[in-house]
Every structure is written in C-alpha cells, then in structure tokens.
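Subject: Structure for your review

Dear colleague,

Please find the structure below, as agreed. I would be grateful if you could keep it open while you read the notes that come after it.

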Protein chains: 2
Amino acid sequence: MKFTINREEFLKGLNITARAIASKSVTPALSNFKIDLDETGLYLTGSNNNLTIKTMIPYKDEQKEIIRNYKEGTTLINAKILTEIARRVDSVELSLDVIDSSTAIIGDGKSEFKLNCIRSDEYPDIDLEPDGQFLSLNSADFITMIDQTAFAASTKEQRPILTTINFEAHDGKLTATATDSARMARKTLNIEQGVEFIANISARMLVEVTHLIDNVQTVDMTVSENKILFSLGKTVVSTRLSSGDYPNTKNIVPRNLNYVLQVNAQEMIKAIERVSLLSIERENVVNLSMSDDGIEVSSKSSQIGSASERISSYRYEGQRLEVSFNNEFVLAAIRALGSVDVTLAFVGEMKPFVVKNDKDDSVIQVITPMRTF
Amino acid sequence: MKFTINREEFLKGLNITARAIASKSVTPALSNFKIDLDETGLYLTGSNNNLTIKTMIPYKDEQKEIIRNYKEGTTLINAKILTEIARRVDSVELSLDVIDSSTAIIGDGKSEFKLNCIRSDEYPDIDLEPDGQFLSLNSADFITMIDQTAFAASTKEQRPILTTINFEAHDGKLTATATDSARMARKTLNIEQGVEFIANISARMLVEVTHLIDNVQTVDMTVSENKILFSLGKTVVSTRLSSGDYPNTKNIVPRNLNYVLQVNAQEMIKAIERVSLLSIERENVVNLSMSDDGIEVSSKSSQIGSASERISSYRYEGQRLEVSFNNEFVLAAIRALGSVDVTLAFVGEMKPFVVKNDKDDSVIQVITPMRTF
C-alpha cells in the first residue's frame with residue numbers, strides 16, 4: 001500500500017479515529033490504526049474493544065484532490081506516533097509507503113520516519129454491519145439528549161449499569177434516562193411509530209459520539225441485541241450494549257409538588273457557586289431556605305465561617321421550607337436545562353425534588369436532598 | 001479594622017500576595033493574608049517562610065478612589081477563601097469589617113461571608129527592611145536574565161545548591177549562572193562599579209519574581225548576608241539566600257571549538273521536535289550528524305522505528321562529527337537565546353558543547369552530550 005495524502009484531511013481522520021484508541025491496550029494490535037485503501041477511499045479504524053470508530057477519506061472531495069499516487073492495500077501502524085507525525089510535520093501533503101510487511105516510510109520530502117508496522121490480519125474482527133432496529137435522529141436533538149442526561153450517570157464502576165444511559169424506544173417516543181441513584185435525568189424525544197428497543201449504552205461512549213458529530217444533519221442509529229451502530233456521515237461508530245437490567249425509574253419523578261420556586265437560572269447558579277465556597281468541608285452541602293420572607297442560599301463551615309446570599313428575583317408558592325443539597329447536583333441540573341428560568345419543586349424537606357423548565361416538558365431532573373444533621 | 005474597596009484593585013493585590021502562600025503550611029498563620037490598614041494605605045502580606053510578598057494598595061490612585069469608609073487596623077484572614085470571594089463576587093466594591101478579634105464580615109450587599117479570622121500578632125515576624133548592597137536593574141533586563149538561565153537549574157532537591165541561580169556582582173558586571181550538572185546557562189549584565197556580592201537564590205523564586213513585574217521600569221535589589229529584597233513598585237518581595245558554596249563553574253565553557261554549526265533557530269527547533277517523536281523510549285536522545293554532505297538530526301527506537309530530517313539552511317566549519325544529546329536540553333537552550341540564528345560549537349564527540357548567539361556574547365549555554373552506546 002502507498003499513498004500521498006492532504007495532511008490536514010489525513011490528520012482530521014486520524015484524530016477522529018484516535019478517540020477510540022486506549023492509551024494502553026491489552027490487545028497490542030489495538031494500539032494501532034488499521035489503515036485500508038481500496039477503490040472507494042482510505043479507511044481508518046480504531047478500537048478499544050468497547051468502542052470502534054471507522055472513518056473514510058475519499059480520493060476527491062468535490063473539486064479537491066485529497067489522495068494521489070496510490071496503491072491499494074492494508075496495514076496496522078502505531079496510532080499515537082502516526083497522529084503525532086501528521087500533526088508535527090508542516091507540509092501540505094504526507095506520503096505513506098509500506099515497503100514490506102513490517103516497515104512503512106512516512107515523509108513529506110523533508111522529514112522521514114521509518115515505522116515498524118504490523119500485518120492487518122492481526123487486527124481483531126470487528127463487525128460494523130448495520131443490523132436491527134433503525135432510527136434516525138436530528139444531530140442537534142441527539143446532542144441535546146446526551147448533554148441533558150449523561151452527567152447524571154454514575155462514574156463509579158461498582159454498579160456498571162448506572163454508568164450507562166438507558167434508552168427506550170416505544171410508542172413513538174425515545175426516552176433517555178441516567179441516574180447515579182442520588183439523582184436522575186430524563187429526556188424524551190418524539191420518534192416515528194414502530195421503532196421499539198431497550199438499550200443501555202455507556203454514558204461516556206455516548207459523550208464521545210456527540211464529540212464526533214461534525215457537519216452532519218442526522219445521526220443514524222442501528223440497535224441490535226448486543227451493539228449499537230451510529231452513522232455520522234463518513235464516520236461509523238460501534239459500541240457494545242451493556243448487559244443487565246436497568247433499575248426501574250418509572251416512579252422516581254415525585255408528584256404532589258407543594259412547594260414551587262421559579263428563579264432566574266443564571267442568578268441561582270452564581271449564588272450557589274458563591275456560597276459553595278464555604279461548603280468545601282461538608283460534602284458540598286448548600287442550604288436553600290424558602291418562605292414569604294424571601295429565598296436564601298447558604299452554607300457553613302465550622303473552621304472557616306459561613307456564607308449566605310438572597311435571591312432577588314423569584315416566584316414562590318408554598319409554606320416555609322428548608323432543603324439541603326449537593327451543590328454540584330443542582331448546578332449540573334440547572335445548567336443541563338439550558339433555559340432562562342428554572343423551576344425547583346418540592347414535596348417536602350427530605351423527599352426527592354424536581355428541577356425543570358416550565359416551557360419544556362421533554363426534560364426533567366430529580367435530585368435527592370442531603371441530611372444536614 | 002474596616003474598609004470598602006474597589007474589588008478589582010483588591011483582587012489584583014490578593015493575587016500578587018497569594019503567590020507566596022503555600023497550599024499547605026506547617027505554620028497555620030501562614031495560610032492567611034496579613035492585612036494592615038494604616039494612614040498610608042492597605043498592605044497585604046503573604047509568606048511561605050522562604051518567600052514573602054507584601055503589596056500596597058493606596059487610598060487613591062490619581063483621580064480614582066480605591067478605598068473608602070475605613071477604620072485602621074490589622075487582622076489575618078484565610079488567603080484561599082478571601083481570594084475566591086473577591087473573584088466570585090461580581091460587584092464593583094467589596095466591604096470587609098472585622099467585627100471582633102475572631103470574625104470578619106465580607107460582603108457586597110448581596111452575598112455575605114462571615115469568616116473566622118486571627119489576631120495579627122500570631123503572624124511570624126518578617127523582616128522586610130532593605131539592608132546591604134543595593135543594585136537597580138532595568139526590569140526587562142532582569143526578566144531576560146532569569147528567562148535565559150533559570151531553566152538550567154536543577155529541579156531535584158538532592159543537591160539544593162543546584163536549584164539556585166548563582167549571582168555574582170563584581171567589577172561592574174552581574175553574572176547569573178545556573179547548572180544542573182549536565183548543562184549550564186550563564187548571562188552577564190553590565191552594572192555600576194562598586195557593587196560586590198555573591199548570592200545563591202532559588203531559581204523557582206526568581207521566576208516568581210519575574211511574574212510579579214508589572215508596569216515597573218526597574219527592579220531594585222538589596223542583598224544582605226542572608227536575604228535578598230526586590231522592590232517592584234508597590235510590591236516588595238523577600239527571599240532567603242541559599243547557604244552553601246556554589247560549584248566552581250569558571251572553567252566549564254569549552255575552548256578550542258573546532259566544529260562550528262550555524263543554523264536558523266526555528267528550523268532547528270522544529271526538526272528536533274519532529275525527530276524527537278521516536279526518542280521517547282531512549283531518554284530523549286537525538287543525534288546530530290554534521291559534515292560537508294549536510295546536517296541531519298535523527299532518532300531511533302527499537303520498537304517503533306526511526307526518524308530523520310535534513311537541515312536545509314546552515315553554515316558548517318569542521319570535519320565530520322556526530323553528537324548525541326538530550327533533545328529537551330538543546331531545545332531549551334536554543335529557545336532561551338531568543339535569536340533568529342544560533343551557533344552550536346563543539347570540541348569533539350563526547351565533550352561539552354556550546355549553544356550561543358554570535359550577535360550577543362552576554363549569554364552562553366553549555367550542554368554535555370549523551371553516550372549512545
């Protein structure tokens with residue numbers, strides 16, 4: 001195999017594919033890019049077993065020649081080194097020439113790199129064929145869905161199922177749910193009727209997928225029994241579904257919300273951030289006090305002191321109520337809504353409460369308060 | 001003590017002073033700012049015992065009122081928390097009121113922080129009186145002097161004296177020398193006759209001092225037996241001198257430089273950076289091969305491969321020579337010169353070599369080559 005390629009386009013492809021490659025891999029072949037050149041274009045594949053990314057660089061893009069002086073073939077080359085070469089060289093084009101099964105020469109006429117390479121048949125077989133239920137989403141909707149839920153998934157591996165986002169396609173709706181058991185985020189999108197599946201997908205992988213979306217209008221998903229495939233223009237991403245049942249979250253959203261506070265999102269965020277300064281010692285606990293007299297957020301540290309701030313513009317319905325919560329949970333929930341105003345609604349002091357945007361019922365956040373005694 | 005202060009000016013002063021405060025301190029009082037308000041202005045002091053910074057904020061700066069509604073006094077307040085408060089609050093002014101010897105109230109009318117504070121007499125006595133030999137340097141010259149030498153000091157504590165820069169004022173010259181024993185950097189400035197001292201000062205502290213230089217034309221140094229004091233406009237910095245003798249570096253700069261290579265600094269830097277990609281395994285060794293045939297930098301890794309690059313524009317005088325070196329040392333030396341062209345001059349394969357700028361003999365870099373067999 002050999003080719004001369006536009007360096008920028010090559011680097012773009014390498015950077016996309018490198019996202020799937022782990023810094024350390026138990027399977028040595030997976031520290032490489034798989035590079036295939038056939039009559040349709042150049043294919044770059046990277047994988048860490050759980051996540052596989054394959055992207056295509058065509059010979060020509062409209063008028064622009066991208067690949068020239070080529071001979072078809074396939075090889076494996078160290079991903080980190082090849083990406084760094086393409087990044088550090090400053091020429092317009094880069095040439096790659098596999099001179100025998102174990103050596104590739106990469107150069108731009110000025111620098112020359114002789115890299116050890118490996119035969120492609122040492123790469124694991126990875127199935128990237130679409131298979132199963134098909135669903136096409138608007139890219140922006142997909143990104144919003146992940147942004148509004150992924151942060152609420154657990155980052156701890158004790159209960160692996162909680163590190164996933166639970167997707168349920170049913171009855172013309174796609175519902176995404178994430179919970180780390182102390183909070184929950186849920187987003188619903190309308191989809192076409194007839195698509196039915198349940199899939200638990202690593203939240204971290206889904207965030208990776210959103211980072212790969214670049215200049216494409218739609219995200220095409222194909223869900224089979226053990227994998228989900230995302231098609232994003234010239235890039236295909238495959239990730240394994242997590243096994244195990246997702247906990248039942250149907251009844252987590254509380255009813256009988258007797259205390260309802262509406263505030264400006266930015267004012268609330270800034271006030272919580274400021275009083276949080278004094279909550280470092282005590283697990284980030286911030287107190288919210290609501291009554292006819294006004295709304296105040298506060299925090300306390302026995303060693304350092306205390307902080308309080310009154311919220312100036314709000315609407316509150318309900319009796320006097322004091323609630324304590326993890327500041328990070330409430331900040332993340334408010335930010336995820338992305339709205340000008342937010343509503344915090346409560347059943348009582350120690351019951352899970354709701355953070356939502358009254359103008360958008362497609363998304364809801366539920367947070368468990370903290371005990372402060 | 002109480003005062004209302006322009007928040008931006010206050011924060012600027014806190015940030016300057018905070019540079020001296022360690023994140024963890026054996027002396028609890030030193031995790032605080034010492035704050036003194038007298039008839040001349042507000043003084044903020046921070047210290048980690050080795051380095052002390054004291055800065056002054058005046059009541060008025062030309063037309064602008066900075067401090068108002070005040071009562072003189074002194075207190076100690078947690079440095080990290082106070083800096084964060086001044087940063088996160090978004091009002092124009094901030095008020096601080098020490099209501100009794102153990103509580104200060106800080107607020108902007110919206111947020112209110114009650115902080116525990118400590119009586120000022122618990123702060124260690126720190127001598128900031130100028131005393132000893134006086135020397136005034138142009139700020140830009142001082143910064144250049146530190147930039148061109150500090151990187152060559154050791155960062156390891158095994159031989160503490162090598163973590164310092166050795167200053168010698170003698171016979172109308174100030175010479176700064178730094179060495180980690182594998183390389184040396186030396187810079188000389190002309191100064192007035194009659195100033196005579198030898199002082200070893202932590203390279204890290206000196207870099208801190210350069211960061212504090214802001215809008216002042218001169219750096220005034222006062223060197224006594226055990227400390228050096230820098231006066232930078234409204235800020236005074238004091239640091240202890242290191243005890244112990246600096247190694248004799250007088251004869252380190254080699255003579256009989258029979259091999260002389262002149263190259264463009266940027267081309268050389270880029271070439272070394274690129275071939276360094278393959279030098280990761282082998283202690284960053286890069287090879288430089290020089291002869292009438294041309295100049296080539298290269299590196300090799302048994303596992304990954306090899307890299308080479310020819311330098312296109314150069315002047316070389318001498319026989320064929322091959323030298324191996326630590327890429328970081330040569331890159332740092334070339335960058336420190338800050339010149340368009342650099343000269344690398346050699347005695348022989350395994351002898352220390354010189355990196356210099358032919359147009360500026362005030363600075364010289366010496367590097368020991370590496371064995372590659």
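The notes below take up the contact between the chains, then a sheet, and then the helices.

Please bear in mind that this is a predicted model.

The contact between the chains

Chain A and chain B each bring 23 residues to their contact. On the side of chain B that touches chain A, at least two residues come from each of α2 (79–88), β11 (111–118), α5 (265–275) and β23 (305–311) of chain B. The most is given by β11(B), which supplies six residues. Sorted by class, this side of chain B comprises eight charged, eight nonpolar and seven polar residues.

Strand pairing also spans the two chains. Strand β23 of chain A, residues 305–311, is joined to β11(B) by five bridges, and the two strands run antiparallel. Within this pairing, Ser308(A) has Glu112(B) as its bridge partner.

The sheet of chain A

In chain A, nine strands make up an open sheet with antiparallel pairing, and their order is β16-β13-β14-β15-β28-β27-β26-β20-β24. Its edge strands, each of which pairs on one side only, are β16 (197–202) and β24 (314–317) of chain A. From one strand to the next, the twist averages 15°.

One pair in chain A may serve as an illustration. Strand β15(A), residues 183–190, and strand β28(A), residues 360–367, are paired in the antiparallel sense over five bridges. Arg186(A) finds its bridge partner in β28(A), namely Ile364(A).

The helices of chain A

Two helices of chain A lie across strands. Helix α5(A), residues 265–275, lies across β20 (259–264) and β26 (341–346) of chain A and runs at about 95° to β20(A). Helix α6(A), residues 327–337, lies across β15, β26, β27 (353–357) and β28 of chain A, and its direction is at about 175° to β28(A).

Helices α1(A), residues 7–18, and α2(A), residues 79–88, have axes that come within 9 Å and cross at roughly 150°. The crossing of α1(A) past α2(A) is left-handed. From α1(A), the residues Arg7(A), Phe10(A), Leu11(A), Leu14(A), Asn15(A) and Ala18(A) meet Ala79(A), Leu82(A), Thr83(A), Ala86(A) and Arg87(A) of α2(A). By class, the residues of this contact are seven nonpolar, two polar and two charged.

With kind regards

How values were computed: Residues are numbered from 1 along each chain as its sequence is written. Chains are lettered from A and ligands numbered from 1 in the order in which they are written. This is a predicted model: local features need pLDDT of at least 70, side-chain atom pairs count only at pLDDT 80 or more; totals for chains, interfaces and linings use all residues. Two residues are in contact if their C-beta atoms, placed from the backbone, lie within 7 Å. Helices (H or I, at least four residues) and strands (E, at least two) are DSSP runs, numbered from the N terminus. Ala, Val, Leu, Ile, Met, Phe, Trp, Tyr, Cys and Pro count as nonpolar, Asp, Glu, Lys and Arg as charged, and the others, Gly among them, as polar. Two strands pair if DSSP finds at least two bridges between them. Axes are lines fitted to C-alpha atoms, for helices over the stretch in contact, and angles run from 0 to 180 degrees between N-to-C directions. A crossing is left-handed if the near helix is turned anticlockwise from the far one by less than a right angle, and right-handed if clockwise.
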